[in-house]
Amino acid sequence: MARTLEAANLSTVLVTMMPYWSKKVGVPRTLAVEFPFGHTLGAPHNVPQQKRVILEALSVLAEAPEPGVIVHSKENWNQPIEDAIQSWQPKEPSPIIAELTPKFRDMMRQHRAEKKP
Amino acid sequence: MEIGMTVDSFKFLPRIIAKFYQMTEREPNYPIPWTPLERPIQACKFGLVTSAGLYQLGVDPPFDLERERTEPTWGDPSFRRIPAGILQEQLGVSHLHVNTDDVLKDVNILLPVDRFQELVDEGTIGGLAEWGYSFMGYQGFPPDTTLWEEKYAPQVADSFHEQGVHCVLLTPT
């Protein structure tokens, strides 16, 4: 998406919790935030935090020296990690996760069994 | 080029999903597209794009989650337009892959219409497009973004050009 818009003469900046994908896809400009999924710009009603993240993204847009730049934000998520992992997830697993999780567990089990001498 | 390496992409992922992602091989297509910023931020008009699955309640239909439920390897590739002045109570969300409670409390965590209006009022940026755009991030398994690239993103780009937009902030979920 970012690449298509950028190719259409728009300067883009993407904020994401997964710089891993930005790198793999080749996103033009990325600000990486260590926030749980679904909370890209911060916590609800935390106006100062949202504003800090947006201003960081604007700096990336203005100052990015080359295509593919990824800047890591130093913002922190103020919630115990176990709670954060639980609370961003949907109340019910998505259809694809429900379908794939058992298959993937089998694959991992098989993989581990093959590794044992 | 990476500046700082502090963000762990897998921190909030259950281990099984993290492992799954780490097994995906992908290489970017070079060159990476690039439109240099040709004016100061204070003179830029911004457009907003998210993949949060947002739509206007009572105006537009939700994303097609029924088909996704019966066909889990498919995700709705269409988009909805969202007015910059949307009120929280006019916001609907369709997304089966994240908990949507928080965006229903405050749209600004994914489509920062109020924060950007404040930046316009302060003179930090030049303007905000009247319309923002929302996609729904799950594009099937394995993900297929062909329709985004060939059909829908070009439509969004055309609309932004008509609105005089120079820059776009993208916020995936």
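**Exercise 1. State how confident the predictor is in chain B.**

Solution. The mean pLDDT of chain B, where pLDDT is the predictor's confidence in each residue from 0 to 100, is 95, and 100% of its residues reach 70 or more. The model as a whole scores ipTM 0.94 and pTM 0.93. This is a predicted model, in which local features need pLDDT of at least 70 and side-chain atom pairs count only at pLDDT 80 or more, while totals for chains, interfaces and linings use all residues. Residues are numbered from 1 along each chain as its sequence is written, and chains are lettered from A in the order in which they are written.

**Exercise 2. Describe the side of chain A that touches chain B.**

Solution. Begin with the contacts (C-beta atoms, placed from the backbone, within 7 Å): 67 residues of chain A are in contact with 59 residues of chain B. Next, look for the element of chain A that gives the most to this side, which is α3(A), with seven residues; helices here are DSSP runs (H or I) of at least four residues, and strands are runs (E) of at least two, numbered from the N terminus.

**Exercise 3. Follow the strand pairing across the two chains.**

Solution. Strands pair if DSSP finds at least two bridges between them, and here four bridges join β1(A) to strand β8 (residues 167-171) of chain B, the two running parallel. Within β8(B), B:Leu169 is the bridge partner of A:Val13. Both of these residues are also among the contacts of A:Ala57 when its neighbours within four places in sequence are left aside, together with A:Val15 and A:Leu31.

Technical notes: Two residues are in contact if their C-beta atoms, placed from the backbone, lie within 7 Å.
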